[in-house]
Amino acid sequence: MSQTPDMTLPIPARTRTGLIATLTGLALLMAGCSSAPVLTDHRSEPTRAPELASEPAPAASTDYHPKRNDLALFAMSLLDTPYSWGGRGPATGFDCSGLVSHVYREAAGLPVKGTSADLGQKSRPVDRTRIQPGDLVFFNTLGARHSHVGIYVGGGRFVHASNPRTGVRMDQLSNRYYAQRFEGAGTLLD
């Protein structure tokens, strides 16, 4: 009888922590879902007539968007990270635009830089009824246009680096404070 060598490798604590955070974010997303999403195979859909191609897309899409979902899940994996003004990473903490920059770079490979106001100018506006995971949501929290930004994760929720007391957290767009200060949504994705 031959013995098979043990080919398992130890997982470094740092990688294990990141994996646990990602799985926790995934569990949170799944817990918030009331039913399984319906996945659409676009190859089997009939081609639309050219005159109908300009119709707006349905407000509630059930399509699977890997990049958008990766952005939402990665943002949720950073919940409870400390707030730090000017912070750009989990080791030092985040401010709102630093969180967006980090999530877009790490989850989607997109270099995004600038303040929340800069991100508002760079993003393409999205109608409030068509916000999708990975889109940015903007608020006037300091008496200035687009003074705060978060990442929409679905279900009316967004992740943002709120303040030094609460750090990175998830809130509802319908939360009275944010609903009164909501200025719009935008996307940096195609």
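1. His146 sits in the loop between β4 and β5, and in this predicted model the residue has a positive phi of about 55 degrees although it is not a glycine. Most residues other than glycine have a negative phi. The relative accessibility of His146 is 9%, and because buried means under 20%, His146 counts as buried.

2. Asp80 is a further non-glycine residue with a positive phi, here of about 75 degrees, and its place is the loop between α2 and β1 (88–89). Is Asp80 buried or exposed? With a relative accessibility of 69%, Asp80 counts as exposed, whereas His146 counts as buried.

3. As to the chain as a whole, its secondary structure comprises five helices and eight strands, which follow one another from the N terminus in the order α-α-β-β-α-α-β-β-β-β-β-α-β. Of the 190 residues in the chain, 35% are buried, and about 12000 Å² of surface is exposed, 57% of it supplied by carbon and sulfur atoms. Among the contacts that link residues at least 6 apart in sequence, 53% are between residues at least 24 apart.

4. Six strands form an open sheet with antiparallel pairing, in the order β3-β8-β4-β5-β6-β7. Its edges are β3 (124–126) and β7 (168–172), each of which pairs on one side only, and from one strand to the next the twist averages 40 degrees.

5. At the β3 edge, the antiparallel pairing with β8 (residues 182–187) extends over three bridges, and Pro125 stands opposite Gly186 of β8. At the other edge, β6 and β7 are paired in the antiparallel sense over five bridges, with Phe158 having Asp171 in β7 as its bridge partner. The hairpin of β6 and β7 has six residues between the strands, and there Gly167 takes a positive phi near 65 degrees.

6. Which helices pack on the sheet, and which strands do they touch? Helix α2 (residues 66–77) touches β5 (148–154), β6 (157–161), β7 and β8, and its direction makes about 115 degrees with that of β5. Helix α3 (residues 96–108) touches β4 (136–139), β5, β6 and β7, and the direction of α3 makes about 45 degrees with that of β5. Thus β5, β6 and β7 appear in the contacts of both helices.

7. Within α2, Ser77 deserves a separate remark, since this residue of the helix has a relative accessibility of 14% and therefore counts as buried. A polar atom of the Ser77 side chain lies 2.7 Å from the backbone oxygen of Phe74. An α-helix has 3.6 residues a turn, so residues three or four places apart point the same way.

8. How many of the 13 residues of α3 are buried? Eleven are, so the helix is largely enclosed by the rest of the structure; among them are Cys96, Leu99, Val100, Val103 and Tyr104, together with the polar residues Ser97, Ser101 and His102. The helix reaches 18 Å from its first C-alpha to its last, which is close to the 18 Å expected at 1.5 Å a residue. Just after α3, Gly109 takes a positive phi of about 70 degrees.

Definitions and conventions
Residues numbered from 1 in each chain as written. Predicted model: local features only at pLDDT ≥ 70, side-chain atom pairs only at ≥ 80, totals over all residues. Heavy atoms only, no water. Pairing = 2+ DSSP bridges. Helix = DSSP H or I, 4+ residues; strand = E, 2+ residues; numbered from the N terminus. Axes fitted to C-alpha atoms, helices over the stretch in contact; angles between N-to-C directions. Contact = heavy atoms within 4.5 Å. Buried < 20%, exposed > 50% of the residue type's maximum accessible area, 1.4 Å probe, protein only. Polar contact = N/O pair within 3.5 Å; in protein donor to acceptor, adjacent residues only side chain to side chain. Expected span 1.5 Å × (residues − 1). Areas by Shrake-Rupley, 256 points an atom, 1.4 Å probe, with all protein chains shown as cover.
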